[in-house]
Structure formats: C-alpha cells, structure tokens
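Open the structure in a viewer and keep the selection tool at hand. The tour below moves from one selection to the next and says what is there.

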Amino acid sequence: MIARHAGEETSLLELGAGFGYNLFSLSIDRRWTRLRGLDIAPNGIEAGRQIAGHFGLGDRISFGRIDLTDPADPAFQELKGATILTYFCIEQIPHAVEAVVDHILKARPARVINIEPAVDMLDLSDPRDIASRIYIRSMDYQTRLWTLLDELDRAGRIRVSARERMNFAPTLHNDGLLYAWAPLGDSD
C-alpha cells in the first residue's frame, strides 16, 4: 500500500514513528534501502535505535527527534525532497493540524502519504461508521486534516493524488483514511 503511493522511491521518512513499528514492517521489503523515523518521544527513539541495532538493521533504519509543532525544529530540513509517511500521528495533535501541515509544506517534501483517522469518508448509514465517528470525536482526534488538504488542493498549493478509505486500523473502531499528496508552487 505504501509502495503504491511512493512511486519509485526507495527511502521513506515517517513522522511520529514511535519505536518504528511501521519501519520495521516495511524493512522486510528490500525495496526500502533507507527508512528513517522521526518522533518527539525520546523513549520511542531510543527503543527504535536499539531494536534496529539488535536486528542488524542500523544501516537501513534510523531514528531522530522532531517536534512537528515547532517550525524552527532543525529536523524539518530532513523532509526536503523526501517521501513522508504519517500513520495515526497527526491525530494526536488536533489543535495544531493547520500549523503542522504548513510546516511540512514549507519543508518541501517530494510527497506525503497521510494515514490518519477522520470522519470525512464515513458512511453514517453504517452502524460501524457511526461508532467510529463517536469514537474519533470522543478521543479528541483531529477532524480537520482532510478538509484542509482538499482546500489546499483547490487553492493549487498541493496536488492530491489519492483519497482512500482503509479497511483496517489499529483498533476495531478507528479506520484510517489515506491521502497522498505533493506540494506545488512556492511553499509560502
């Protein structure tokens, strides 16, 4: 699924990677020659480094720190030209969605693949979707990312190449939606 939206890229940078669960899963596919995880939590970063070292993956998988809410964080420089993945990361910062997307845009990645929970593609005639909507709202997860990306697409700041509903999730009642997009024009 990630490879389908990553084009010919052989490297991937995950924002909010934690200890690297997704990166270690992706490392099974030899296509990925460089996998990098950035997170704000020192324990997750250190755990990821130790796991990579233990399994001899330190040459392909690395970890570092980033604060997505701080536009001056030097790690944003790593995003330039990169293929970015977020997986249930932006959900954790619902009151900073616009700022975080703006910081990512200004960093000028080649493309971004967001897999995040949202209410936008839910079918409210489906009881499971009603439960998902209630859960997402009750957890104070972000509910604006997809609307924001659609607005940026209409304004010509990004080009959305995919909008898909995922039929799986880390929890029974929290399906993710996938948006793949690339910045256009100037970053400001």
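The stops run from the whole chain to two helices, a strand residue, some aromatic rings and a pocket.

**The whole chain**

Start with everything shown as a cartoon, and bear in mind that this is a predicted model. The protein chain holds six helices and seven strands. Followed along the sequence, they come in the pattern α-β-α-β-α-β-β-α-β-α-α-β-β. Colour by accessibility next: 48% of the 188 residues count as buried. Contacts tend to link distant parts of the sequence, since among those between residues at least 6 apart, 71% join residues at least 24 apart.

**Helix H4**

Select residues 97-107, which make up helix H4. Its buried residues are Val97, Val100, Val101, His103, Ile104, Leu105 and Ala107. An α-helix has 3.6 residues a turn, so residues three or four places apart point the same way. Now show what lies against this helix. The buried residues of H4 pack against strand S1 (11-15), S5, H6, S6 and S7.

Stay in H4 and pick His103. Is His103 buried or exposed? With a relative accessible area of 12%, His103 is buried, because the cut-off for that class is under 20%. Leaving out residues up to four places away in sequence, His103 touches Leu68, Thr69, Asp70, Pro71 and Phe76.

Step past the end of the helix to Arg108, in the loop between H4 and S5. Arg108 has a positive phi of about 60° although it is not a glycine. Its relative accessible area is 25%, so Arg108 counts as partly exposed.

**Helix H6**

Select residues 145-154 for helix H6, where Leu145, Trp146, Leu148, Leu149, Asp150 and Leu152 are buried. What covers the buried residues of H6? The cover includes helix H4, strand S5 (111-117), strand S6 (158-165) and strand S7 (176-183). Just after H6, look at Gly156, which takes a positive phi of about 80°.

**Ile61 in strand S3**

Move to residues 61-65, strand S3, and pick Ile61. Ile61 has a relative accessibility of 2% and therefore counts as buried. To see what surrounds Ile61, set aside its neighbours within four places in sequence: the contacts are then Leu23, Phe24, Ser27, Leu35 and Ala52. Add Gly37 to the selection as well. Gly37 and Ile61 are 24 residues apart in sequence, and their C-alpha atoms are 7.7 Å apart in space.

**Aromatic rings**

How many aromatic pairs does a search of the whole structure find? The search finds four. One of them joins Phe19 and Tyr21, whose rings meet edge-to-face at 6.5 Å centre to centre, with 70° between the planes. Phe19 is partly exposed, at 40% relative accessibility. Tyr21 is exposed, with a relative accessible area of 57%.

Another edge-to-face pair is formed by Tyr87 and Phe88, with ring centres 4.8 Å apart and 65° between the planes. The two residues fall into different accessibility classes, because Tyr87 is at 21% and counts as partly exposed, while Phe88 is at 11% and counts as buried. Phe88 sits in the loop between strand S4 (83-87) and H4. Check the backbone of Phe88 too: its phi is near 50°, a positive value in a residue other than glycine.

One more ring is worth selecting, that of Trp32. Arg31 lies over the face of Trp32, at 4.5 Å from the ring centre.

**The largest pocket**

For the last stop, turn on a surface and look for the largest pocket, which encloses about 380 Å³ of space. Which of its 18 lining residues are the closest to the centre? They are Gly16, Ala17, Gly18, Asp39 and Cys89. Select these five to find the place. Colouring the lining of the largest pocket by residue class gives ten nonpolar, five polar and three charged residues.

Technical notes. Residues are numbered from 1 along each chain as its sequence is written. This is a predicted model: local features need pLDDT of at least 70, side-chain atom pairs count only at pLDDT 80 or more; totals for chains, interfaces and linings use all residues. Side-chain values use heavy atoms; hydrogens and water are left out. On a 1 Å grid over the protein atoms alone, a cavity is a set of points where a 1.4 Å probe fits but cannot get out, and a pocket is an open set with protein on both sides within 12 Å along at least five of seven lines; lining residues have an atom within 4 Å of a point. Grid points are joined across faces, edges and corners, and a volume is the space filled by probe spheres set on the points. Ala, Val, Leu, Ile, Met, Phe, Trp, Tyr, Cys and Pro count as nonpolar, Asp, Glu, Lys and Arg as charged, and the others, Gly among them, as polar. Rings of Phe, Tyr and Trp (its six-membered ring) pair if their centres lie within 6.5 Å; planes under 30 degrees apart count as stacked, over 60 as edge-to-face and the rest as tilted. Buried means under 20% relative accessible area, exposed over 50%, partly exposed in between (1.4 Å probe, protein chains only). A charge sits over a ring if NZ of Lys or CZ of Arg is within 6 Å of the ring centre and within 35 degrees of the ring normal. Helices (H or I, at least four residues) and strands (E, at least two) are DSSP runs, numbered from the N terminus. Contact means heavy atoms within 4.5 Å.
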